[in-house]
Amino acid sequence: MQTKEHLQIKFSVGTDKGITPIEFTFEHTQHSYIRASQRGLNNQKIVAALQYGENIFKQGLIYFILGENNIPTSLNKQKQH
């Protein structure tokens with residue numbers, strides 16, 4: 001029997017372009033959980049992308065891009081992963 005790891009994160013997203021911050025909740029769907037598992041993305045990596053990544057608003061969606069320069073020095077040991 002497979003067990004689904006539960007991940008639910010509530011936070012707000014804003015930009016420096018004067019857009020009012022948007023409050024939302026990230027929660028895995030069955031599909032996102034499977035795809036994340038296939039790609040080796042655990043909850044810690046997803047949280048890092050949401051917390052430190054650059055958010056881009058495009059086509060009514062919010063994309064989180066975690067580039068190497070966005071990762072804080074306190075996470076240098078995990079940077080390679």
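## Tyr52 and helix 2 in a predicted model

Setting aside neighbours within four places in sequence, Tyr52 touches Leu66, Asn70, Pro72 and Leu75. The model is predicted. Tyr52 sits in helix 2, which spans residues 43-52. Its relative accessibility is 30%, so Tyr52 counts as partly exposed: buried requires under 20%, exposed over 50%. Between the C-alpha atoms of Tyr52 and Gly67 lie 9.0 Å, across a separation of 15 residues along the chain.

Now the rest of helix 2. Its buried residues are Asn43, Ile46, Ala48, Ala49 and Leu50. They pack against the four elements tabulated here.

| Element packed against by the buried residues of helix 2 | Residues |
|---|---|
| Strand 1 | 8-13 |
| Strand 2 | 22-27 |
| Helix 1 | 30-38 |
| Strand 4 | 61-65 |

At the start of helix 2, Asn42 places a side-chain oxygen within 3.1 Å of the backbone nitrogen of Gln44.

Ile46 deserves its own entry. Beyond neighbours within four places in sequence, Ile46 contacts Leu7, Phe26, His28, Ala36 and Leu41. Ile46 also belongs to the largest nonpolar core, a set of five residues completed by Leu7, Ile9, Ala36 and Leu50. In soluble globular proteins, nonpolar side chains tend to be buried together.

Finally, the whole chain. It has two helices and four strands. Their order from the N terminus is β-β-α-α-β-β. Of the 81 residues, 17% are buried. Among contacts between residues at least 6 apart in sequence, 35% link residues at least 24 apart. The exposed area is about 6600 Å², with 50% supplied by carbon and sulfur atoms.

Key:
Residues numbered from 1 in each chain as written. Predicted model: local features only at pLDDT ≥ 70, side-chain atom pairs only at ≥ 80, totals over all residues. Heavy atoms only, no water. Core = buried A, V, L, I, M, F, W, Y, C linked by side-chain atoms within 4.5 Å. Buried < 20%, exposed > 50% of the residue type's maximum accessible area, 1.4 Å probe, protein only. Contact = heavy atoms within 4.5 Å. Polar contact = N/O pair within 3.5 Å; in protein donor to acceptor, adjacent residues only side chain to side chain. Areas by Shrake-Rupley, 256 points an atom, 1.4 Å probe, with all protein chains shown as cover.
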